[in-house]
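Biologist: Before we discuss any detail, could you put the sequence and the structure in front of us, so that each answer can be followed on the screen?

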Amino acid sequence: WWPALWPRAETPLTVLFDATCILCARSKAKLESWPTSGSIRFLPLQSPEARALVSGMEEWEYLGALHVVEAGKVYSAHEGWFRIMRLGPLPLALLAAATPRWLAKRGYAWIARNRYRWFGRVCEEGTCAVHPKQPA
């Protein structure tokens, strides 16, 4: 692919990610290596600045997924993933574009629910915050 020709975001993306999640931290590091990373700003979900961007969101929803803020609009979970993948290397961008929304939604939810069990978490000073569960 041709990085100089590949589209950048019209406005920068702000990605709100779970800084205690090892999968999320590794994903952030990978995204930072992309040639288009200059169009992405990262904020930990645990920061007051990130929380202020999505102040009306329920706590379980806020902590349960990544969120992408673009031009003042919030895209959560799989929708945020689609926004990020538009900036990916061409094969990833094409794969994302070809992925059905229903499959991305289910796949994202499954991975998000199990991310701590499968990948672990980064804890400050040996203790991790307990994330609220989604209401039944």
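**Questions on a predicted model**

Modeller: To start from a place that is easy to find, W118 sits in helix α6, which covers residues 101–119. Please keep in mind throughout that this is a predicted model.

Biologist: Is W118 buried, partly exposed or exposed?

Modeller: Buried would require under 20% relative accessible area and exposed over 50%. The value for W118 is 39%, and therefore this residue counts as partly exposed.

Biologist: Which residues form the nonpolar patch on the surface, and about how much accessible area do they have together?

Modeller: The patch on the surface is nonpolar and is formed by W118 together with W110, I111 and F119. Taken together, these four residues have an accessible area of about 400 Å².

Biologist: Along the sequence, what pattern does the chain follow?

Modeller: The chain contains six helices and four strands. Read in order along the sequence, they give the pattern β-α-β-α-α-β-β-α-α-α.

Biologist: What share of the residues of the chain counts as buried?

Modeller: The chain exposes about 8,400 Å², of which carbon and sulfur atoms supply 61%. As for burial, the chain has 136 residues, and the share of them that counts as buried is 37%.

Biologist: In the largest nonpolar core, which residues touch the most other members, and which elements each supply at least two residues of this core?

Modeller: Of the 22 residues in that core, the ones that touch the most other members are V15, F42, V68, I84 and Y108. The elements that each supply at least two residues of this core are β1 (13–17), α1 (22–32), β2 (40–44), α4 (78–85) and α6.

Biologist: Leaving aside neighbours within four places in sequence, which residues is I84 in contact with?

Modeller: I84 is one of the residues that touch the most other members of the largest nonpolar core. Once its neighbours within four places in sequence are left aside, the contacts of I84 are L13, V15, L31, W34, L66 and V68.

Biologist: How many residues does the second, separate core have?

Modeller: Among the members of this second core, which is separate, are L16, L45, A50 and V69. Its number of residues is nine.

Biologist: Why does the salt bridge of R83 and E70 tie together parts that are apart in sequence, and how many residues apart are they?

Modeller: The side chains of R83 and E70 meet in a salt bridge at 2.6 Å, N to O. Because R83 lies in helix α4 and E70 in strand β3 (residues 67–70), the pair ties together parts whose separation in sequence is 13 residues.

Biologist: Is E70 buried or exposed?

Modeller: Its partner R83 counts as partly exposed, at 21% relative accessibility. The relative accessible area of E70 is 7%, and since the limit for buried is under 20%, E70 is buried.

Biologist: How many residues apart in sequence are the parts that R101 and E79 tie together?

Modeller: R101 and E79 meet through their side chains in a salt bridge of 3.6 Å, N to O. R101 lies in helix α6 and E79 in helix α4, so the parts tied together by this pair have a separation in sequence of 22 residues.

Biologist: How many disulfides does a search of the whole structure find?

Modeller: Two cysteines can be placed by their accessibility: C21 counts as buried at 0%, and C24 counts as buried at 19%. For disulfides, the search covers the whole structure, and the number found is zero.

Key
Residues are numbered from 1 along each chain as its sequence is written. This is a predicted model: local features need pLDDT of at least 70, side-chain atom pairs count only at pLDDT 80 or more; totals for chains, interfaces and linings use all residues. Side-chain values use heavy atoms; hydrogens and water are left out. Patches are made of residues with over 30% relative accessible area and no salt bridge: like charges are joined within 9 Å, nonpolar side chains (Val, Leu, Ile, Met, Phe, Trp, Tyr) within 5 Å. Accessible areas come from the Shrake-Rupley method with a 1.4 Å probe; for residues, only the protein chains shown count as cover. Buried means under 20% relative accessible area, exposed over 50%, partly exposed in between (1.4 Å probe, protein chains only). A disulfide is a pair of cysteine sulfur atoms within 2.5 Å. A nonpolar core is a set of buried Ala, Val, Leu, Ile, Met, Phe, Trp, Tyr and Cys residues joined through side-chain atoms within 4.5 Å. Contact means heavy atoms within 4.5 Å.
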